[in-house]
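Me: I would like to go through some of the labels used for this structure and ask what stands behind each of them. Please set the values against the criteria.

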There are 4 protein chains.
Amino acid sequence: MTAAEQIVSEMMAHDSMSQWLGIRIIAISPGNCTLEMVVREPMLNGFRVAHGGVAYALADTALAFASNARGIKCYSVETSISHVKTVEINDTLTTKVEEKSLSKRIGIYWIEVLNQRNEVVALFKGVVHRSDKNWLV
Amino acid sequence: MTAAEQIVSEMMAHDSMSQWLGIRIIAISPGNCTLEMVVREPMLNGFRVAHGGVAYALADTALAFASNARGIKCYSVETSISHVKTVEINDTLTTKVEEKSLSKRIGIYWIEVLNQRNEVVALFKGVVHRSDKNWLV
Amino acid sequence: MTAAEQIVSEMMAHDSMSQWLGIRIIAISPGNCTLEMVVREPMLNGFRVAHGGVAYALADTALAFASNARGIKCYSVETSISHVKTVEINDTLTTKVEEKSLSKRIGIYWIEVLNQRNEVVALFKGVVHRSDKNWLV
Amino acid sequence: MTAAEQIVSEMMAHDSMSQWLGIRIIAISPGNCTLEMVVREPMLNGFRVAHGGVAYALADTALAFASNARGIKCYSVETSISHVKTVEINDTLTTKVEEKSLSKRIGIYWIEVLNQRNEVVALFKGVVHRSDKNWLV
């Protein structure tokens, strides 16, 4: 296992919410990650489509994993998400992460959430504060 | 029950994710709502504090309830959230909604998520598209 | 002059863009400021109403002045703005700033831009990074 | 001239603020545009680097031109920008637009502002409302 994989394994092992969502780690590298999950009935909202919190939580986990995979503890400062396509029960969601900017203290990530037909369902932008603490793995 | 309360009751009855979060409706009026929930273990992340998706999902439910409570079906277009204070297990979270702008097609809501000490833990801004469909209740 | 006023005077004296906009400082205190300007012809866009950059630049100046007025050099990390009402030539715009959150490294400000009828024309949220450099005034 | 070029020519001819910024149109097509400008002294802020309003106004003009170039009148609903690299006097700024999502009523655009060394200086996301009015050109 690479250092990036070790950090994210450790994070995932303690991440109850990502486990509840059924998130699986497909690939990890410093500043990047690919995650996958299937939408189940408890994740629907009052319109009986996926709650906005589902794509958000998936993208937010991807933000945490991608940014922390560089070995520095990172904390979310500001995130935004546009829900552009309805997500249905049994849809498989995947994340596509791009690290758009990295300075000493700030990292900015663009994350697209795609469905099983490779259609974009949500557009997410995340800003993290890069602390002065390192992961010891 | 007012029309606003009827709409939101119906939404809540079908909203599996909000039920999983344990969201309780405290008050509903056109363009506004107060919700409450308690953070439980399955809602924690890899740092063993509340996952960012928890405050987001609570605020997103509040956005849906407040905007739809005016009787017009509304859909989220763009949302942003800043997580400004760590949320711990057993914290009670409440929403404070302000309808900042309302035009024929667009509504903008500012939602603060507070903890049991009345401290702001998250700042959320939501933009909804107001469709041409009404709720029939 | 208070320290906050001295810092902002110095910033304003060097701020060519704010001068071009005709921004006037109405009040300054640590974490807050009230600014005012009148929309002129060179600030219009292709629809012959105020360019979105006008309300943005006014709010961004307010963000810089309010956050730096605490005596620590602050830099904008992420900003968002919703233009909710058309701004016309000769409108007088004013800023209303609220400091929503302040931690060691991050400050979050909510800024409303109002016109002369006290109507909200733009809703702005700004996140700043608080550096480890102080203003020496 | 294509219809897209005609629409944007007409917008640009009336856009005083874009003219003041010295924006030049490099390319236009439906849903896209490339713009260029040079930062001059009146565009600096109190730190004597480009005011945040400069990259914002350039990106906002690009948003208007790209979205309207499809032939439907579009209005900005919500925009966000991260300023990730300092912009200096005499820097040449260019826009790179991606149309990320397009539905009947909503368009979402991701716009990067680059300098003459092809470095990203600002990351902009714009959401427009697509009205039911067409451009007649």
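Me: Where is D:Asn90 found, and why does D:Asn90 count as exposed or buried?
Reply: This is a predicted model. D:Asn90 sits in the loop between β3 (72–83) and β4 (92–102) of chain D. A residue is exposed if 12 or fewer other C-beta atoms lie within 10 Å of its own. D:Asn90 has 10 C-beta neighbours inside 10 Å, so D:Asn90 counts as exposed.

Me: What is noted about phi of D:Asn90?
Reply: Phi of D:Asn90 is near 75°, a positive value in a residue other than glycine. Most residues other than glycine have a negative phi.

Me: Why is D:Arg48 called exposed or buried?
Reply: D:Arg48 has 12 other C-beta atoms within 10 Å, and therefore D:Arg48 is exposed, given that the class takes in counts of 12 or fewer. D:Arg48 is in the loop between β2 (32–38) and α3 (52–68) of chain D. Its phi is positive too, near 65°.

Me: What is the strand order of the open sheet of 12 strands?
Reply: The order is β1(C)-β2(C)-β4(C)-β5(C)-β6(C)-β3(C)-β3(D)-β6(D)-β5(D)-β4(D)-β2(D)-β1(D), and the pairing is antiparallel.

Me: What makes β1 (24–29) of chain C and β1 (24–29) of chain D edge strands?
Reply: Each of these two strands pairs on one side only. From one strand to the next, the twist averages 20°.

Me: How do you know that β2 and β4 of chain C pair?
Reply: Two strands pair if there are at least two bridges between them. Strand β2 (residues 32–38) of chain C is joined to strand β4 (residues 92–102) of chain C by 3 bridges, so the criterion is met. The two run antiparallel, and C:Met37 stands opposite C:Leu93 in β4(C).

Me: Which helices lie across strands in chains C and D?
Reply: One of them is α3 (residues 52–68) of chain C, which lies across β1, β2, β3, β4, β5 (106–114) and β6 of chain C together with β3 of chain D. Its direction is at about 150° to β3(C). In chain D, helix α1 (residues 3–14) lies across β1 and β2 and runs at about 145° to β1(D).

Me: How many bridges join β3 to β6 in chain A, and how many join β5 to β6(A)?
Reply: Strands β3 (residues 72–83) and β6 (residues 120–134) of chain A are joined by 10 bridges and run antiparallel. A:His83 stands opposite A:Ala122 in β6(A). Strand β5 (residues 106–114) of chain A pairs with β6(A) over 9 bridges, in the antiparallel sense. There, A:Trp110 has A:Lys125 of β6(A) as its bridge partner. The hairpin of β5(A) and β6(A) has 5 residues between the strands, and A:Asn118 in it takes a positive phi near 65°.

Me: Why is the relation between chains A and B called a two-fold axis?
Reply: A rotation of 180° with 0.0 Å of shift along its axis superposes chain B on chain A, with RMSD 0.0 Å. That is the relation of a two-fold axis. The C-alpha of B:Ser80 is the one in chain B nearest the axis, 1.9 Å from it.

Me: What does chain C use to touch chain A?
Reply: 7 residues of chain C are in contact with 7 residues of chain A. On the chain C side, β3 (72–83) and β6 (120–134) each supply at least two residues. β3(C) gives the most, with 3 residues. By class, that side has 3 nonpolar, 2 polar and 2 charged residues.

Methods
Residues are numbered from 1 along each chain as its sequence is written. Chains are lettered from A and ligands numbered from 1 in the order in which they are written. This is a predicted model: local features need pLDDT of at least 70, side-chain atom pairs count only at pLDDT 80 or more; totals for chains, interfaces and linings use all residues. Two residues are in contact if their C-beta atoms, placed from the backbone, lie within 7 Å. Helices (H or I, at least four residues) and strands (E, at least two) are DSSP runs, numbered from the N terminus. Ala, Val, Leu, Ile, Met, Phe, Trp, Tyr, Cys and Pro count as nonpolar, Asp, Glu, Lys and Arg as charged, and the others, Gly among them, as polar. A residue is buried if 20 or more other C-beta atoms lie within 10 Å of its own, exposed if 12 or fewer, and partly exposed in between; C-beta atoms are placed from the backbone. Axes are lines fitted to C-alpha atoms, for helices over the stretch in contact, and angles run from 0 to 180 degrees between N-to-C directions. Copies are superposed by least squares on the C-alpha atoms of residues with pLDDT of at least 70 in both.
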